[in-house]
Structures are given as C-alpha cells and as structure tokens.
Amino acid sequence: MDIPCDHKKTNYKHMKLDFEHIPAGHCENGVISSLLKYHGLNLSEAMIFGIGSGYFFAYMPFVKVNGIPLASFRPVPGMIFARAAKRLGIKMKKQTFRGQPKRAMDELDKVLEKKLPVGVQAGVFHLSYFPPAYRFHFNAHNMTVYGKEGDTYFISDPVMEYPTTLTYDELKKVRFAKGPLSPNGKMYYPIEIPKEIDLKSAIHKGIKQTADWMLTIPVPLFGVKGIRYLSKRMRNWPEKLGPKKAAAYLAQMVRMLEEIGTGGAGFRFIYAAFLQEVAEIMQDQRYFELSKEMTKIGDKWRTFSSLAAKTCKGRSSDPDGYNTVANLMLEIADDEEKFFIELKKLIN
Amino acid sequence: MEINKVPQDEGITAGITREIQYAVDENGKYVKTFSKGWEPKNIVNELAWDDIHDNMNDANEKILAGKASPIMYFMAKNQMNVALLAEYVEIPKWRVKRHLKPRGFKKLKQEQLENYAKVLGITVDELLNYKTKN
C-alpha cells in the first residue's frame, strides 16, 4: 500500500495529526512502532526490536565515551530500524541536511503538511523537556514530530510519559547537536508499507541473526565472548585504573544497562516480551518457555547492576566488589550462550 | 522481573516523567509498566554528575591560579571538551585552546564573546564577570 498523502493545503497555523503517543522502553523502536501504527500496521516495540535483531553485546575498548570504553547491549544506532524495515518490506524515506538547518526545518514542515508524522534524530543535551539528570551529550535519540502550531511543534518522545512540545529554535538546536553521532537534521518516515507482511519469515531472520551475532562472531569483543572478555578485564580495573576511574568505568556499564531506553536489564526484558509474542504467532509454546529463561537472564543483569552500583558508590579499590560482578558476568555469559543455542534450534 | 517488584525509587526522573519497564504480570504475561526509577540507576547517574562537578572545580582552581579563562569553567559545566566546544562555536581547536588561556581570552572581540556566550548558555556579562566561588 502506498501511504496516502493529503496534498490539499492545510491550515498551516494549526496542524496536529491524530497521532497516538505510545511510551516505550527504547526510543528507536518506539518511534518506528508508533509511526507504523499511525499507518495502520500494528507491531509492538518488542516485535520491532526482535525483528531488527536489537539484542546484542559489544565491548569496544577503542571506542571511548567521555574517556570510558564502550560496553553496549545493542547494535549501533539506526541498525535495528534499518533491519526491521528491510525484513518487513517497508520503505522509509530518510534525509539528512548537513550544515543546512533551515532547509531541514522547511522540509519537516512540508512533510507535516502532507499529514505525515516524521521521525527525527536528536541530541539530548539541549532537550528542554528532559529531566536535567538525563541531559548528556548523547546524539542518537529519536522522537516523532506530529504537528505544528505557530512556533510550536508537537512532539511524541517515546521515553516520556506524555506527549510534549518544542519551539522552532529548540527543535532546530537538538536536530543539529554537535559531537559524535551528530544527527545532521536526520528525519525519516514510511512511504510504502506492503499489504501482506510475512511476519513469520521476518521473525525467523531476526532471531537467526541475533543468535549468530551472540554466538559466532570470530572476534572476542562481541556476543557472549565479549561478555567473558569484559569480565576478565574488569577484575583488573581497581588496580590498573585506581578507585575513581574504576568506579566510573563500572558505573558507565550500569548506565548502558539501565539508563533511559532499555526497558530494563539492557534490553533483555524487551526480548523476553518479544518471545512471548512469537509464541503466539507461531503457536509454539517452546518460545514461551524460552521467554521465561530470558527473564531469568534479565533478572541476573539487574542483580549485576545492583551489586555494581554498590561497589561504585563507595569508590572502593577493594577488588572483591569487582570480582563478584565479574563472576556474575561469566555466569550470565554461560546462560546467554545456552539460551541462544536452544533458540536457534527452534528456527532451524 | 515481576510487576509487583518494579521499583519506584524517585530520583533522576525528578517527578517530570516515568520510565517504561517491561515486567511479567500475575498471569506470567509481559506488560509495559511505569517506574519512577531505581536506586542503582540513581547512584550511577549521580556518579556521572560528580565527575562533571569535579571538572568544574578543577577549572575553578586553574582560573584562580591565573592559568585558565572563564571559558574553561563554562565548558566543563556544559560537559564539553575542547573538540566539542570547537565544533559548537565553529572555531578551530587550536584557537579555542588559546581562548581558554587568560591572555587569549582578553583579546576576544565582542562578536566572538557573544558566540561563546550563546553556545555556553550564558550572557556575555556572565562570561566576562565570572568569579570563582571558593
């Protein structure tokens, strides 16, 4: 189906689309899920996440965020979205406007005028409606713009409980945030959604890639090998880095697991929710049983966060705290390995 | 995670919003539910802010010792390093480094001061008359 565009001139002064704000665990999946829902395709955030193979682990000591090596529980921003769209056969229009903020805003207005809600990438440091404690220089945030009245844009930000607004200048500023992953005014919206979607095939592809990436990448930094590698490195942090920096490193991990946008436990609970939906679609109870295993894995990551935060708080150089969480990570790596071997059996 | 165990520890959400937490309900089915926050998250977030405050204090010490200009303090307050500040003010890094020294700062023209002030979220007055608090 082609997305119907209403080319009639709308009253430009006031234009607010009938767009449902759906709070989500994660911004990227949340935006896609609600954009698709606007066009009549009902897929949950968890379903998009699973199809887009959002579950991952990567430890990249050569990529530093504020001087701290990056440990990530998801693939690079934009990837979940690209994979999910491809597997579902959805065509998205994507535009960036390097160094052209005015054009980026004009183009946004034009698309809104066609009565299409638009996904935009944004930096969060200048995001006026965010709680102050959230506001760091992180540029891969996503939100939907669904209308405009005078100078005010209507915003549906999936990580916020309620819909919100930004002024023209505020929106322009966050769309042109500087630094790593700068959005350069990036915006996107679906232009074609197929009438028939082969959901089962999309789910299979999503699961297969997640299992492969977790189990078989021949580099020790990714998947379950990455978890084991980081566990080994972590034991030396207090001695190698001193108490202050070691705490900062460990704290950063907990933030990647829990801070805005993972749905809890570094996306592990979202994945468990995805598997429950799969059980229903495939009419196969085995996915439901595996979902329970995934919940247990998520609970262990929560225990990790809880213990790690205690260790960070005291900024203690006592290696015991670090050894405890490193041991727990080894246990989790074993669990995740076992889990994906079992899951892979279901789709072969 | 079970729905009745979803933590509600107010902290970084500051009463402004609540976060989505995925949890299983009484029937073992996953649902999205709201959480006001979780203490471990509050702890690690606070730690990140402690580091920012440390950078601000370091900047103040350098300013007091006559080794840095007020830009250093506001750069730290805005969580920026030289590279990011240079991107925002659209000035090469080596020149920003000069402006971080008292000598280079004194030579700034009104226009450049306005540029810095705008990026740093303050007025030119606040930038010029910044006094470190001891």
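Which residues does A:I270 touch, not counting residues up to four places away in sequence? With that exclusion, A:I270 touches A:G25, A:H26, A:A46, A:F49 and A:G263 and, from the other chain, B:Y22, where contact is taken to be C-beta atoms, placed from the backbone, lying within 7 Å of each other.

The views show a predicted model, in which local features need pLDDT of at least 70 and side-chain atom pairs count only at pLDDT 80 or more, while totals for chains, interfaces and linings use all residues. Residues are numbered from 1 along each chain as its sequence is written, and chains are lettered from A and ligands numbered from 1 in the order in which they are written.

**View 1. The nonpolar cores, with A:I270 among the members of the largest one.** A nonpolar core is a set of buried Ala, Val, Leu, Ile, Met, Phe, Trp, Tyr and Cys residues joined through C-beta atoms within 7 Å; a residue is buried if 20 or more other C-beta atoms lie within 10 Å of its own, exposed if 12 or fewer, and partly exposed in between, with C-beta atoms placed from the backbone. The largest core has 116 residues, of which A:V145, A:L250, A:I270, A:Y271 and A:F274 touch the most other members. Helix 8 (residues 237-258) of chain A gives the most to this core, with ten residues; helices (H or I, at least four residues) and strands (E, at least two) are DSSP runs, numbered from the N terminus. Apart from the largest core lies another, of 18 residues, among them B:Y73, B:F74, B:V96 and B:Y116. As background, nonpolar side chains in soluble globular proteins tend to be buried together.

**View 2. The contact between chain B and chain A.** Chain B contributes 28 residues to the contact and chain A contributes 39 residues. On the side of chain B that touches chain A, the elements that give two or more residues are strand 1 (19-24), strand 2 (30-35), helix 1 (39-64) and helix 3 (82-89) of chain B, and helix 1 of chain B gives the most, with eight residues. Sorted by class, this side of chain B has 17 nonpolar, five polar and six charged residues; Ala, Val, Leu, Ile, Met, Phe, Trp, Tyr, Cys and Pro count as nonpolar, Asp, Glu, Lys and Arg as charged, and the others, Gly among them, as polar.

**View 3. B:A59 in helix 1 of chain B.** B:A59 is buried, with 23 other C-beta atoms within 10 Å. Leaving aside its neighbours within four places in sequence, B:A59 is in contact with B:A68, B:M72, B:Y73 and B:A76. B:P70, eleven residues from B:A59 in sequence, lies 8.2 Å from it in space, C-alpha to C-alpha.

**View 4. Helix 3 (residues 79-88) of chain A and its surroundings.** This helix is mostly covered, seven of its ten residues being buried, namely A:I80, A:F81, A:R83, A:A84, A:A85, A:R87 and A:L88. These buried residues pack against helix 1 (27-38), helix 2 (45-51), strand 4 (91-95) and helix 6 (199-215) of chain A. Just after helix 3 of chain A, A:G89 takes a positive phi of about 75 degrees.

**View 5. The two domains of chain A where they meet.** Chain A is divided into domain 1 (14-192) and domain 2 (222-347), with bounds that come from an automatic or database domain assignment, and the C-alpha centres of these domains lie 26 Å apart. The contact takes 20 residues from domain 1 of chain A and 24 residues from domain 2 of chain A. On the side of domain 1 of chain A that touches domain 2 of chain A, helix 2, strand 2 (58-65) and strand 3 (68-72) of chain A are the elements that give two or more residues, and helix 2 of chain A gives the most, with four residues. By class, that side of domain 1 of chain A has 13 nonpolar, six polar and one charged residues.

**View 6. The course of chain B.** Chain B has seven helices and two strands, which run β-β-α-α-α-α-α-α-α from the N terminus on. The radius of gyration of chain B is 21 Å, well over the 14 Å that the globule rule gives for 134 residues, so chain B is more spread out than a compact globule; the radius is taken over C-alpha atoms, and the rule is 2.2 Å times the number of residues to the power 0.38. The domain assignment of chain B gives domain 1 (3-37) and domain 2 (51-128), and 41 Å separate the centres of these two domains of chain B, taken over C-alpha atoms.
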